[in-house]
Amino acid sequence: MTSLLRNRKGKAALIALALGFLTLSLTATVTQQPAARLMVSYAGLRPDWVRLPLATPSPPPTVVAATPVPQASPTVASPAPVEPPEASEPIPDAAIPPPDEDPASVAAAELPTENPTPSPTPAVTEGPDPSYAQMLLDLTNEARLANGLTPLATDPALAAAAQKYAELHTYVSPDRLDHHLNGSNIDSRAEAEGYSGWTLLAENLVWCTADASPSPTDVVQQWLASEGHRGNILNPTLNETGVACYVRASEQPFRICVQDFGARP
């Protein structure tokens, strides 16, 4: 019996020792893995969600038709009674005064025409919007300078990645912002455009209307009010960027902008 107990204890000890060695091996393997260079910072909700509210157009001013003020009939002095001429002296036609013009018709002719035809609203042009993107970049660098940081340099590869993703986004996901459309992510999109050797990548997105759009100042202010987006804009490690916008001329025109950040030694 004693021998049997010893054998059981020995087997239990061996099992415990084997499990302990396996655990230590797994821990060591994970710990010894080199630190991943991928460090992607996403901002906002789902995973990034800054969709500016639709701009509510102000109602057109109500035009109240002017009520014509009744004009008093002009007072005409009664002519002095004239003695009727004698029958032998008829009144010549030239002496008969012409009838007075109708004052109402004269007044109507002088009134200006109300409610002129409004000028047509210019149509929204579909395609890239580089001027809007440039203003976002300028305002981003102004915010960095105001916080004691160096401005971001524009990188052509990041700009190309941002432009392609902005256009893709307007067609693939026009009503929900997402960093992973078509199975891509910021590092795969940046590297596909030749952006290599990076140590940090980040991305901000925004959706807004294009016909009565919020201004670039509104967009950057809302980014700065969001912890994740502000963290990307004011990250001291980031030193390069690419910003792009694309306008979709749909029934309700809208704009999607992509702001990509990168850091390279």
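# Exercises on a predicted chain

Let's start inside helix 5: Ile186 is buried, with a relative accessible area of 1%. Keep in mind that this is a predicted model.

**Exercise 1. Locate Ile186 and find out how far its C-alpha lies from that of Ala202.**

Step one: go to helix 5, which is the place of Ile186.

Step two: apply the burial cut-off, which is under 20% relative accessible area. At 1%, Ile186 therefore counts as buried.

Step three: jump along the chain. Ile186 and Ala202 sit 16 residues apart in sequence, and their C-alpha atoms are 7.4 Å apart in space.

**Exercise 2. Work out the order of the elements along the protein chain.**

Step one: count the elements. You should get seven helices and six strands.

Step two: read them off from the N terminus, which gives α-β-α-β-α-β-α-α-β-α-α-β-β.

Step three: look at the chain as a whole. Of its 265 residues, 30% are buried. Then take the contacts with a separation of 6 or more: 79% of them come from residues 24 or more positions apart.

**Exercise 3. Describe helix 3: its span, its buried residues and what they pack against.**

Step one: check the span. Helix 3 covers residues 130–146, 17 residues in total, and its first and last C-alpha atoms are 24 Å apart, close to the 24 Å expected at 1.5 Å a residue.

Step two: pick out the buried residues. They are Tyr132, Ala133, Leu136, Leu137, Leu139, Thr140, Asn141, Ala143 and Arg144. When you look at spacings in a list like that, remember that an α-helix has 3.6 residues a turn, so residues three or four places apart point the same way.

Step three: see what those residues pack against. Among the partners are strand 3 (153–154), strand 4 (200–209) and helix 7 (227–233). Helix 6 (216–224), strand 5 (240–248) and strand 6 (254–263) are partners too.

Step four: zoom in on Asn141 in helix 3. Asn141 has a relative accessible area of 13%, so it counts as buried. Leaving out residues up to four places away in sequence, Asn141 touches Pro151 and Leu152.

Step five: step off the end. Gly148 follows helix 3, and its phi is positive, near 75°.

**Exercise 4. How do helix 3 and helix 6 pack?**

Step one: decide what to look for. Two packed helices are described by the angle between their axes and the distance between the axes.

Step two: fill in the values. The angle between helix 3 and helix 6 is about 45°, and their axes are 9 Å apart. That angle makes helix 3 oblique to helix 6.

Step three: add the hand of the crossing, which is right-handed.

Step four: list the residues that make the contact. Helix 3 brings Tyr132, Met135, Leu136, Leu139, Thr140 and Ala143, while helix 6 brings Pro216, Thr217, Val219, Val220, Trp223 and Leu224.

Step five: sort those residues by type. You end up with ten nonpolar, two polar and no charged residues.

**Exercise 5. Give helix 4 a similar treatment, then follow Thr170 to its contacts.**

Step one: check the span. Helix 4 has 17 residues and reaches 24 Å from first C-alpha to last, close to the expected 24 Å.

Step two: name the buried set, which is Ala157, Leu158, Ala161, Ala162, Tyr165, Ala166, His169 and Thr170. Their cover includes helix 5, strand 4, strand 5 and strand 6.

Step three: go to Thr170, which lies in helix 4 (residues 156–172). Its relative accessible area is 0%, so Thr170 is buried. Beyond its neighbours within four places in sequence, Thr170 contacts Tyr246, Arg248, Phe254 and Ile256.

**Exercise 6. Are Asn182 and Arg176 buried, partly exposed or exposed?**

Step one: find Asn182 in the loop between helix 4 and helix 5 (186–192). Asn182 has 62% relative accessibility, so it counts as exposed. While you're there, note its phi near 55°, a positive value in a residue other than glycine.

Step two: find Arg176, also in the loop between helix 4 and helix 5. At 29% relative accessibility, Arg176 is partly exposed. Its C-alpha is 10.0 Å from that of Val206, 30 residues apart along the chain.

**Exercise 7. Which residues does Thr241 touch?**

Step one: place Thr241 in strand 5, where it is buried at 1% relative accessible area.

Step two: skip residues up to four places away in sequence, and the list reads Leu137, Leu152, Ala153, Thr154, Asp155, Leu158, Gln259, Asp260 and Phe261.

Step three: take Leu137 from that list. It is 104 residues from Thr241 along the chain, with 8.4 Å between the C-alpha atoms.

Conventions. Residues numbered from 1 in each chain as written. Predicted model: local features only at pLDDT ≥ 70, side-chain atom pairs only at ≥ 80, totals over all residues. Heavy atoms only, no water. Helix = DSSP H or I, 4+ residues; strand = E, 2+ residues; numbered from the N terminus. Expected span 1.5 Å × (residues − 1). Buried < 20%, exposed > 50% of the residue type's maximum accessible area, 1.4 Å probe, protein only. Contact = heavy atoms within 4.5 Å. Axes fitted to C-alpha atoms, helices over the stretch in contact; angles between N-to-C directions. Parallel < 35°, antiparallel > 145°, perpendicular 65-115°, else oblique. Left-handed = near helix turned anticlockwise from the far one by under 90°. Nonpolar A, V, L, I, M, F, W, Y, C, P; charged D, E, K, R; others polar.
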